[in-house]
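Visitor: Hello! Could you walk me through this protein, one question at a time?

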Amino acid sequence: MVTRTTFLLITCEHGGNRIPVGYQALFAGREALLNSHRGYDPGALDMARELAHHFRAPLVYATVSRLLVDLNRSIGHRALYSDATRRLSRAEHARILARHYVPYRNEVEALVAKAIAAGRRVVHIASHSFTPSLDGCVRNADIGLLYDPARRGERALCAHWRESLRSAIAPLRVRRNYPYQGRNDGLTLRLRRRHAASRYIGVELEINQKHLAGRHRFPSSIRRAVVDSLQAALIGTI
């Protein structure tokens with residue numbers, strides 16, 4: 001499992017497609033959009049819960065749709081708001097941030113800061129999923145591990161995790177920094193900027209939504225492989 005000097009944290013920024021009552025009129029007729037990959041990351045929250053349960057790790061998650069506000073984007077980023085909310089007033093944007101964005105970010109940052117202050121090394125796994133194709137391009141990976149190659153701890157953990165995953169669920173394809181770059185804007189980037197590489201390891205787990213067995217869950221074989229391979233990677237590197 002995880003050593004006493006390591007603090008494992010699981011998060012899920014895009015766990016649902018819920019729109020709070022006060023904003024539902026903005027999404028009238030957009031039900032299909034809300035139920036698509038643009039509304040949330042199907043399967044990601046269930047995977048996050050399984051990781052948290054197995055490792056007895058704290059889990060921070062959100063079920064408000066990224067189309068209201070994207071918790072994995074920095075304030076000022078062009079994708080922080082969707083077309084449905086971008087034209088709201090500054091005052092309304094401020095209310096959305098205060099009610100949904102800031103509490104989530106503060107909770108994650110406080111957990112990380114407290115663990116580091118106690119002398120522990122943080123391993124943060126952010127659970128996500130990705131659409132099988134985007135803008136006509138098929139994504140040729142089953143699982144992606146996003147990290148910053150310049151940070152030795154992240155590089156080592158993902159190298160071990162990839163090899164363990166490939167052994168556990170062959171012939172599924174596991175790629176590093178795909179379908180996105182691990183150094184792109186996001187919560188892990190924010191935390192890297194605040195904490196030294198020796199104290200904070202941030203990895204985004206991305207699973208291809210083509211493997212969803214139902215609307216919200218990946219097959220037990222994939223979920224178990226992810227859990228077991230992460231345990232092996234942690235033993236091998238932390």
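Guide: Gladly; what follows is a set of questions and answers about salt bridges, buried residues and helix packing in this predicted model.

Visitor: How many salt bridges does the count come to?

Guide: Side chains of opposite charge can pair when their charged atoms come close. The cut-off used here is a side-chain nitrogen of Lys or Arg within 4 Å of a carboxyl oxygen of Asp or Glu. By this rule the count comes to 15.

Visitor: Which helices hold Glu109 and Arg194, and how many residues apart in sequence are the parts the pair ties together?

Guide: Glu109 and Arg194 form a salt bridge through their side chains, with 3.4 Å from N to O. Glu109 sits in helix α3 (residues 90–117) and Arg194 in helix α5 (residues 187–194), so this pair ties together parts whose separation in sequence is 85 residues.

Visitor: Is Glu109 buried or exposed?

Guide: A residue is called buried when its relative accessible area is under 20%. Its partner Arg194 is at 48% and counts as partly exposed. Glu109 has a relative accessible area of 11%, so Glu109 is buried.

Visitor: At what angle do the axes of α3 and α5 cross?

Guide: The contact brings Tyr104, Arg105, Val108, Glu109 and Val112 of α3 against Leu187, Arg190, Leu191 and Arg194 of α5. Those residues divide into 5 nonpolar, no polar and 4 charged. The axes come within 11 Å of each other, and the crossing angle is roughly 40°. That makes the two helices, α3 and α5, oblique.

Visitor: Which elements are included in what covers the buried residues of α5?

Guide: The buried residues in α5 are Leu187, Thr188, Leu189, Leu191 and Arg192. Their cover includes α3, β3 (121–130), α4 and β8 (200–208).

Visitor: Where is Arg151 placed, and which residues does Arg151 touch?

Guide: At 10% relative accessibility, Arg151 counts as buried. Its place is in the loop between β6 (143–146) and α4. Leaving out residues up to four places away in sequence, Arg151 touches Arg192, His195, Ala196, Ala197 and Tyr200.

Visitor: Which residue forms a salt bridge with Arg151?

Guide: The closest N and O atoms of this pair are 3.4 Å apart. Both partners are buried. The residue that pairs with Arg151 is Glu154.

Visitor: How far apart in space are Arg151 and Ile201?

Guide: In sequence, Arg151 and Ile201 are 50 residues apart. In space, C-alpha to C-alpha, the distance is 8.1 Å.

Visitor: What separates Glu163 and Arg166 in helix α4?

Guide: The side chains of Glu163 and Arg166 form a salt bridge, 3.3 Å from N to O. Glu163 is partly exposed at 42% relative accessibility, and Arg166 is partly exposed at 37%. They are 3 residues apart in helix α4 (residues 152–168), so what separates them is about one helical turn.

Visitor: How do the residues of the contact of α4 with α6 divide?

Guide: The axes of α4 and α6 come within 8 Å and cross at roughly 140°. The α4 side of the contact includes Ala156, Leu157 and Trp161, and the α6 side includes Val226, Leu230 and Ala232. The division is 11 nonpolar, 5 polar and no charged.

Visitor: Is Ala232 buried or partly exposed?

Guide: Ala232 has its place in helix α6. From Ala232 to Ser167 there are 65 residues in sequence and 11 Å in space, C-alpha to C-alpha. With a relative accessible area of 36%, Ala232 is partly exposed.

Visitor: Is the crossing of α2 and α6 left-handed or right-handed?

Guide: Helix α2 (residues 44–55) and helix α6 (residues 220–237) pack with their axes 10 Å apart, at an angle of about 45°. That makes α2 oblique to α6. When α2 passes α6, the crossing is right-handed.

Visitor: Which residues are linked in a network of salt bridges?

Guide: The contact of α2 with α6 includes Asp46 and Glu50 in α2, and Arg223 and Arg224 in α6. These four residues also belong to the network. Its full membership is Asp46, Glu50, Arg217, Arg223, Arg224 and Asp228.

How values were computed: Residues numbered from 1 in each chain as written. Predicted model: local features only at pLDDT ≥ 70, side-chain atom pairs only at ≥ 80, totals over all residues. Heavy atoms only, no water. Helix = DSSP H or I, 4+ residues; strand = E, 2+ residues; numbered from the N terminus. Buried < 20%, exposed > 50% of the residue type's maximum accessible area, 1.4 Å probe, protein only. Axes fitted to C-alpha atoms, helices over the stretch in contact; angles between N-to-C directions. Parallel < 35°, antiparallel > 145°, perpendicular 65-115°, else oblique. Left-handed = near helix turned anticlockwise from the far one by under 90°. Contact = heavy atoms within 4.5 Å. Nonpolar A, V, L, I, M, F, W, Y, C, P; charged D, E, K, R; others polar.
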